[in-house]
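Student: Please take a close look at a single part of this structure and explain how that part relates to what surrounds it. I should like one connected account, with the residues named throughout.

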Amino acid sequence: MKTIGVLALQGAFIEHVNHIEKLGHKAVEIRKKDQLEGIDCIILPGGESTAIGKLLVDFDMKQALKEKIESGFPVWGTCAGMILLAKKLVDDPTVHLGCMDITVKRNAYGSQLDSFITVDNIKALDDKPSKLVFIRAPYIEAIGNTAKVLHTVDENIVAARQENMMVTSFHPELTDETLWLEYFIDNLVIN
């Protein structure tokens, strides 16, 4: 059993908690810097990346979390979490944690009204079908040499991995599937 932290400052964190517990692991809602100790990994949930980035600074967590990730701590960023981890944003000078060598386009698919769901067979998940929920979603416009693409939709990179970091522009936690969480645990946390 792993102890999995979920950043719980804003956004869709409770859904991640529910999936973690469904798999029999311990979930810890992270709201303070000292809670970053004693967990095996962390999930940065979807939500509003600007708000979460500001709260990381306000709660004095940003630098500690960044250093932890850069030293090999496993992290999975979904939607806003992808934006937080990116080294660069398209047409936006903002950098939050800046740990992952990706360039992300915010709200790449349009407004809330342009949100959509698709089902794809995912090679990284042994060609199992997965429901992908996109809500005001970003996508990766450019990827560095050390990062690898896990999945694309319409030629846009929507899931990637770099060493101890994984990102998805969609929300697996908003489905009843745990395939992406299992992939994260099996490939980045346990290995």
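Tutor: Helices (H or I, at least four residues) and strands (E, at least two) are taken as DSSP runs, numbered from the N terminus. The model is predicted. The account starts at a hairpin and moves from there into the core.

Strand E10 (residues 148-153) and strand E11 (residues 156-162) run antiparallel and are joined by 5 bridges. Within this pairing, His151 stands opposite Ala159 in E11. The hairpin has 2 residues between the strands. Asp154 lies in the loop between E10 and E11, and Glu155 has its place in that loop as well. The backbone of the loop deserves attention. Asp154 has a phi near 50 degrees, a positive value in a residue other than glycine. Glu155, likewise not a glycine, has a positive phi of about 70 degrees. As for their surroundings, the relative accessible area of Asp154 is 69%, so Asp154 is exposed. Glu155 reaches 78% relative accessibility and therefore also counts as exposed.

The loop residues are exposed, but the strands themselves lead inward. The largest nonpolar core has 32 residues, and those that touch the most other members are Ile43, Tyr109, Phe134, Met166, Trp180 and Phe184. E10 and E11 are among the elements that give two or more residues to this core, together with strand E1 (3-7), helix H1 (13-22), strand E3 (41-44), strand E8 (128-134) and H5. The greatest contribution comes from H5, which gives 8 residues. In soluble globular proteins, nonpolar side chains tend to be buried together.

H5 therefore merits a closer description, and its burial can be stated residue by residue: the helix is mostly covered, with 8 of its 11 residues buried. These are Leu179, Trp180, Leu181, Tyr183, Phe184, Ile185, Leu188 and Val189. Leaving aside residues up to four places away in sequence, Phe184 touches Cys41, Ile42, Ile43, Pro74, Val75, Trp76, Met166 and Val189. Another core, of 31 residues, lies apart from the largest one, and Leu56, Phe73, Met100 and Ile102 are among its members. Phe73 also has a charged neighbour: Lys68 lies over the face of its ring, at 4.6 Å from the ring centre.

The aromatic residues of H5 come next. A pair of aromatic rings is described by the distance of the centres and the angle of the planes. The model contains 4 aromatic pairs. In one of them, the ring centres of Trp76 and Phe184 are 5.8 Å apart and the planes meet at 40 degrees, so this pair is tilted. Trp76 belongs to strand E4 (residues 75-78) and Phe184 to helix H5 (residues 179-189), so the pair links distant parts of the chain, 108 residues apart. Both Trp76 and Phe184 are buried. In a further pair, Phe170 and Trp180 have ring centres 5.2 Å apart and planes at 65 degrees, so the arrangement is edge-to-face. Phe170 is in the loop between strand E12 (165-168) and H5, while Trp180 is in helix H5, 10 residues apart. Phe170 and Trp180 are both buried. They also belong, with Phe116 and Phe134, to one aromatic cluster.

Cys41, one of the residues touched by Phe184, raises the matter of disulfides. The whole structure contains 0 disulfides. The closest cysteine sulfur to that of Cys41 is in Cys99, 15 Å away, and this is too far for a bond. Cys99 is accordingly in no disulfide. Cys41 has 0% relative accessibility and therefore counts as buried; Cys99, at 7%, counts as buried too.

E1, another contributor to the largest core, completes the picture. In this strand, 5 of its 5 residues are buried. Thr3, Gly5 and Leu7 point one way, whereas Ile4 and Val6 point the other way. In a regular strand the side chains alternate between the two faces of the sheet. E1 runs parallel to strand E2 (residues 26-30), to which 5 bridges join it. Glu29 in E2 is the bridge partner of Val6.

Conventions:
Residues numbered from 1 in each chain as written. Predicted model: local features only at pLDDT ≥ 70, side-chain atom pairs only at ≥ 80, totals over all residues. Heavy atoms only, no water. Pairing = 2+ DSSP bridges. Phe/Tyr/Trp six-rings, centres within 6.5 Å; stacked < 30°, edge-to-face > 60°. Buried < 20%, exposed > 50% of the residue type's maximum accessible area, 1.4 Å probe, protein only. Lys NZ or Arg CZ within 6 Å of the ring centre and 35° of its normal. Core = buried A, V, L, I, M, F, W, Y, C linked by side-chain atoms within 4.5 Å. Contact = heavy atoms within 4.5 Å. Disulfide = S-S within 2.5 Å.
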